[in-house]
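Open the model in your viewer and keep the selection panel at hand. The stops below go from the overall layout to the ligand and then to the interior.

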Amino acid sequence: AAAIHLEDYQPAPYHIDTVDLDIHLAPTATQVKATLAIRRRDGVAPGTPLWLNGDETAFTGLAVNGQGLEESAYTANERELVIHTPPAEPFTLEVRTWVNPEANTQLSGLYRSSGNYCTQCEAEGFRRITYFLDRPDVLSVYTTRIEGPKADTQVLLGNGNPVESGDIPGTDRHYAIWHDPHPKPSYLFAMVAGNLAHVSDSFVTSSGRKVDLKIYVEPGKEDRCDWAMDSLKRSMKWDEDVFGCEYDLDVFNIVAVSDFNMGAMENKGLNIFNDKYVLADPETATDQDYANIEAVIAHEYFHNWTGNRITCRDWFQLCLKEGLTVFRDQEFSSDMRSRAVKRISDVRLLRSHQFPEDAGPLAHPVRPRQYTEINNFYTATVYEKGAEVVRMLKTLLGDDGFRKGMDLYFQRHDGDATTIEAFLACFSEATSTDLGQFARWYEQAGTPLVTVKSQFDATAQELTLDITQSIAPLPGQATSQPAVIPIRFGLIGQDGADVTASRITGAEVRGDVLLLTKASQKVTFHGLEHRPVLSLLRGFSAPVRLEAHQNLADLTFLARHDSDPFNRWQAVQTLATQELIRLTHEAHKKGSLEVDDRLVEIFGTILSDQGLDPAFKALALDLPGEADIAREIGKNVDPDAIHAARMAFRSAIGAAHLAAFHALLADAPQEGTFSPDAASAGKRALAAQALGYFADAGTPAAPDKVWHAFQQANNMTDRIGALTLLVHRNLPRAEQALADFRSRHSDNSLAMDKWFTVQATTPAKDGLERVKALTAHPLFDMTNPNRMRSLIQAFATGNHVQFARKDGEGFAFIADCVMTLDPRNPQVAARLLTCFRSWRSLEGERSKHAEKALLRISAMEKLSRDCRDIVDRCLQ
Ligand code: HT7
Ligand code: ZN
């Protein structure tokens, strides 16, 4: 398929001011009548053909200004509707199509989930319902009439406010009409119909308007919506308080469905969610689930202003809404929870998902310049790195400057479909700052590497840093230009308190932020009596890789004394990573896996620090994951050696601090009533770490301890934690625990997803065989995206030793799954396929097997555009 290029952007030749939809629902033959009020754009020649997108769209008729057209006056097929010579004056076009929701396995357009009708139109699903200028810069006011059989579609929902509803006399059918007064692009259109139950609440906005809030779920699941509703109300209040954004309709509806390609969708006034991000109770949801629900509910709600009121001019600008909205949801969660813990968790996610993407064949700028399949650009780079870029803007401009820029953006662009340039111009104008060089963050792919070498001159009382920044060559980007990199820093004196330099030369400094702007620069801190310990990149102030060449003593000092919690955590991670890399090399050559006592001791210091928040402690105790170690090693990766190294390190820590872990377990809270708040979750996370290390210390008491933890768990976090240890460490009664879990939760699909994932990620030698056997399990269903991800994708992304097996069987299995899935659901298949993105960094034999699997996919006849795009880029 031909690539689409940013530089080719042209505005649409026609406006579509209003869209009136009349949808008659039926499982296999839904009739859609779209009446479009169309107007030629100024400057466009009269008679310019009107070209509308379709995708497997079934045409049944049309009329222009109420009159039928000769067949020669238009072209209608699955992919397009072209009116060859439209009227010069504004006109109405009535188009009739029909849709088969039952057969829609792609879950894009109008489809069925558990017998209910729902839609997913981002990015290009609306054209699967009716022909349209299906692009984000065509904004229209929508009125939707939905009609269906009363028995099967008791609930009829659309965008905007409800206008009217009633029975259709003499039939068993009824209808509802919805009107959305806010012009919107077609990707934000939605409708839902079915027999759904709901919970209700309300919110009074800052200007005193009452908004009715409803969450719709399958009947019987209403009692699992409390947390989502609570999160929604907190999000609405937070957006008013922090960004001055007030909600703008009379109703806000959320619908949870169990078949959904992604997490959720921000359709105007009618958010549709993967039920995984709505449903929660202590019995079935982990603390992580609660945190995710809070974040995703907030994210979709925040899109109402950043995405819906102000949308993207074209899909290249996707980060305009996604990066900004992720930043906003991260800030919301930070305010609801511990800011330090949230920052560490976000950086871990960025490093584990975005850094590998940015270092391999799928690397692309935060604002890509070309694509063949837009669905493949809903990536960690657009979302997570996009959020980091917004965060850097805030760091550079300060809190007030950032808020001024956002205020100007909302005021100037409300109702627009706009660009990154326009967004940056608001910040530039509001703060009189030149952001020309900063814009490179949107244009260049790759993670900058920042290296720092420091030298202290006691006589001159100067600390000098030699700093470089560079991006390794990438496909399509041989060279790069220096970016503006804000480095938040501290200088720590011998007593552990921060000291200040009398003067700093060689770089612009704003408060405690150093601005790097050149490929290499020398920065000097003057007036320092003693050599301070450097704390760089505090709070992870820029999405870069930092090589600061700090020795064990300095890093240990930072781990103990840094006033910046992120860098305290980072110091432990850096030390642990260095040791894990050394141990991995030993394991690879079958050497001895003796762990350095000094490193084991650092974990003892963390454990005994009474002043640390339990959630922070839990994160600090967690060793870098296997994928993190692989990424740091970068080439000739041997996943077996990494696994052995990591387990050896864990055993050493467990054995050395057994008493401390034991004490932590004895102190673990035995709650009566479960609370999902951050403080309680932190205590559970710490107890889970203690149990894990206790198990890895290998004492004879460990298996019983874990089994009891499993049996006594009164919430899902504790239960799944213990079950994971039983299965992954192959402890006695693991199979019994799996059977117990299954019988307890077999009627709850979200809980059963966890059951599949625990087994998919077990590093045992027969891990792959277990996964293959589970594909034949009666509860496994390849066509349900959540279930597929819980087993297949969890295996491919969370089981490095088995996925990257030396015999190549792991790769071959995933290739088979991709090929099975592709004809049914190409979006989900293509996402699964991205698990091959780091194949070139594996050691020889393994990378050969991965290439073979990719070539097999590439040779498949009728491969979707989605998978073709990913496989071609992986192999380039
Ligand atoms: N904006 C939404 C993206 C999304 C999506 C994209 C492609 C295909 C299916 C999809 N479902 C949702 C979600 C968000 O980022 O808020
Ligand atoms: Zn989003």
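Into which domains is the protein chain divided? Select 4-195 for domain 1 and 449-559 for domain 2. The model is a predicted one. Place a centroid on the C-alpha atoms of each domain: the centres of domain 1 and domain 2 are 55 Å apart.

Next, select residues 20-188. UniProt, in an unreviewed entry, lists this range as "domain: Aminopeptidase N-like N-terminal". Coloured by secondary structure, residues 20-188 come out as 51% strand and 0% helix. The C-alpha atoms at the two ends of this stretch are separated by 15 Å.

Now go to ligand 1 and show what surrounds it. The shell has 15 residues, with Glu 122, Asn 261, Met 262, Met 265 and Tyr 378 the closest. Sorted by class, the shell around ligand 1 holds 6 polar, 5 nonpolar and 4 charged residues. Select strand S19 (264-265) and helix H2 (287-302) as well: each contributes at least two residues to this shell.

For the interior, start from Val 255 and Val 278. In the largest nonpolar core, which has 249 residues, these two touch the most other members. Helix H5 (residues 380-413) supplies the largest share of this core, 12 residues. Domain 1 (4-195) and domain 2 (449-559) both contribute residues, so the core lies between them.

Stay on Val 278 and display its contacts beyond four places in sequence: Ile 215, Val 217, Cys 225, Ala 228, Ile 254, Ala 256, Phe 273 and Ile 293.

As a last stop, select Leu 350, Ala 359, Leu 362 and Ala 445. They are among the 6 residues of another core, which lies apart from the largest one.

Methods: Residues are numbered from 1 along each chain as its sequence is written. Chains are lettered from A and ligands numbered from 1 in the order in which they are written. This is a predicted model: local features need pLDDT of at least 70, side-chain atom pairs count only at pLDDT 80 or more; totals for chains, interfaces and linings use all residues. A residue is near a molecule or strand if its C-beta atom, placed from the backbone, lies within 6 Å of it. Helices (H or I, at least four residues) and strands (E, at least two) are DSSP runs, numbered from the N terminus. Ala, Val, Leu, Ile, Met, Phe, Trp, Tyr, Cys and Pro count as nonpolar, Asp, Glu, Lys and Arg as charged, and the others, Gly among them, as polar. UniProt positions are given in the numbering used here, feature names are shortened, and annotations may be inferred rather than shown by experiment. Domain bounds come from an automatic or database domain assignment. A nonpolar core is a set of buried Ala, Val, Leu, Ile, Met, Phe, Trp, Tyr and Cys residues joined through C-beta atoms within 7 Å. A residue is buried if 20 or more other C-beta atoms lie within 10 Å of its own, exposed if 12 or fewer, and partly exposed in between; C-beta atoms are placed from the backbone. Two residues are in contact if their C-beta atoms, placed from the backbone, lie within 7 Å.
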